[in-house]
Amino acid sequence: MKILVVDDSRVMRQIVIRTLRQSGYAGHDVVEAENGLRAVEMVATEKPDLVLSDWNMPEMNGIDALAHLRASGSEVPFGFVTSEGSEEMRARAAAAGALFLIAKPFTPELFDEALSAVLPRA
Amino acid sequence: MKVHLPVAKEVRDLLSDLLGKPVSIEPAAPLAPGPKRPATIGVYVDDSLRVAALICFDLPLSAYAGAAIGLVPPQVAEDAVTQGSLPEVLRENLHEVLNIAVSLFNSAPGADHLRLHAMHPAGEPTPRDVLVHALTLGRRTDMRVDVPYYGTGIISVVQTF
């Protein structure tokens, strides 16, 4: 399966990819985008099976990217990995169609908890 | 404004999770950034853009935390400490550390929502008003942090009003 990791911080994309591996999801194809606008383009061209996205990013933030995807008919499974972990943000994420929200800093266990329902271990 | 001033355990847990290593923490004398004591300062604002808090890392901790989060070799961090400034990769990594550290303020129930507004890296000029805030006494926590495999430095969390 293919996973699109979206974050404007290069080091955070590395950490997300490392944590995927540590939580038992090594072996999937991973592609990266540095903002929401690029993520929307890459959902069309790369056809990922899951999007893991930051919330606050330049060009287009994560919640706008999700809204854009859903408005254009994309049903790609989408989860947030963000430092915005408040109940209000979780509610907004769910209302926009996100499957989960993982708050930074995160652990491999938190990743596994969120991903086990949507992603097979590879 | 209701800003949560994190206790030592919250800082230790955050840095341990973020750097992927069990950091240890002990109390330290207040960090006073200035020309002889370069420090990285993260400026946090509330939704009205009022400066609510700062997080300061002295130069060694700036280098060690910036390196540890990205698995950068310790020698790169040591070189930065010797040279008195941070290379781009450590600066970029440290920005992410300070960005995520906002959860120290936001995870407390009822606390104001803050976000990272700016980062002034160690070794570069710091705006005077930010320096003045950093020298606030009283509403602050100063801690010595040991990052395994890298080294020890000081972190200060300062409430600015």
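Contact here means that heavy atoms lie within 4.5 Å of each other. The structure examined in these exercises is a predicted model.

**Exercise 1. The surroundings of Asp54(A)**

Determine where Asp54(A) lies in chain A, whether Asp54(A) is buried or exposed, and which residues Asp54(A) touches.

*Solution.*
Step 1. Locate the residue. Asp54(A) belongs to the loop that runs between β3 (50-53) and α3 (62-71) of chain A.
Step 2. Apply the cut-off. A residue is buried when its relative accessible area is under 20%. Asp54(A) has 3% relative accessibility and therefore counts as buried.
Step 3. List the contacts, leaving out residues up to four places away in sequence. Asp54(A) then touches Val6(A), Asp7(A), Asp8(A), Gly62(A), Phe80(A), Val81(A), Thr82(A) and Lys104(A).
Step 4. Consult the record. An unreviewed UniProt entry carries the annotation "modified residue: 4-aspartylphosphate", which covers Asp54(A).

**Exercise 2. Two residues of helix α1**

Classify Thr19(A) and Gln14(A) as buried, partly exposed or exposed, and describe the contacts of Thr19(A).

*Solution.*
Step 1. Place both residues. Thr19(A) lies in helix α1 (residues 10-22) of chain A, and Gln14(A) is also found in helix α1 of chain A.
Step 2. Recall the limits: under 20% is buried, over 50% is exposed, and values in between are partly exposed. Thr19(A), at 5% relative accessibility, is therefore buried. Gln14(A), at 35%, is therefore partly exposed.
Step 3. Examine the side chain of Thr19(A). This side chain reaches the backbone oxygen of Ile15(A) at 2.7 Å. Apart from neighbours within four places in sequence, Thr19(A) is in contact with Phe106(A), Thr107(A), Pro108(A) and Phe111(A).
Step 4. Compare sequence and space for Gln14(A). Gln14(A) and Glu32(A) are 18 residues apart along the chain, and their C-alpha atoms are separated by 9.6 Å.

**Exercise 3. The interface of chain A and chain B**

State how many residues each chain gives to the contact, how much area is buried, and how many salt bridges cross the interface.

*Solution.*
Step 1. Count the residues. Chain A supplies 13 residues and chain B supplies 15 residues.
Step 2. Read the area. The two chains bury about 1200 Å² between them, and 54% of this is on carbon and sulfur atoms. On the side of chain A, Val11(A), Ser83(A) and Pro105(A) lose the most area to chain B, together 40% of what that side buries.
Step 3. Count the polar links. Two salt bridges are found across the interface, together with three residue pairs in polar contact.
Step 4. Inspect one salt bridge. The side chains of Arg10(A) and Glu92(B) form a salt bridge with an N to O distance of 3.3 Å.

**Exercise 4. Unusual backbone geometry**

Identify which peptide bond is cis, and where Glu59(A) and Leu49(B) lie.

*Solution.*
Step 1. Begin with the general expectation. Most residues other than glycine have a negative phi, and most peptide bonds are trans.
Step 2. Find the cis bond. The peptide bond from Lys104(A) to Pro105(A) is cis, with omega near -5 degrees. Pro105(A) is in the loop between β5 (100-103) and α5 (108-115) of chain A.
Step 3. Examine Glu59(A). Its phi is near 70 degrees, a positive value. Glu59(A) is in the loop between β3 and α3 of chain A, and at 64% relative accessibility it counts as exposed.
Step 4. Examine Leu49(B). Its phi is also positive, about 65 degrees. Leu49(B) is in the loop between β2 (39-45) and β3 (51-58) of chain B.

Key: Residues numbered from 1 in each chain as written. Chains lettered and ligands numbered in written order. Predicted model: local features only at pLDDT ≥ 70, side-chain atom pairs only at ≥ 80, totals over all residues. Heavy atoms only, no water. UniProt positions renumbered as here; feature names shortened; annotations may be inferred. Helix = DSSP H or I, 4+ residues; strand = E, 2+ residues; numbered from the N terminus. Buried < 20%, exposed > 50% of the residue type's maximum accessible area, 1.4 Å probe, protein only. Buried area = accessible area lost by both parts, 1.4 Å probe. Salt bridge = Lys/Arg side-chain N within 4 Å of Asp/Glu carboxyl O. Polar contact = N/O pair within 3.5 Å; in protein donor to acceptor, adjacent residues only side chain to side chain.
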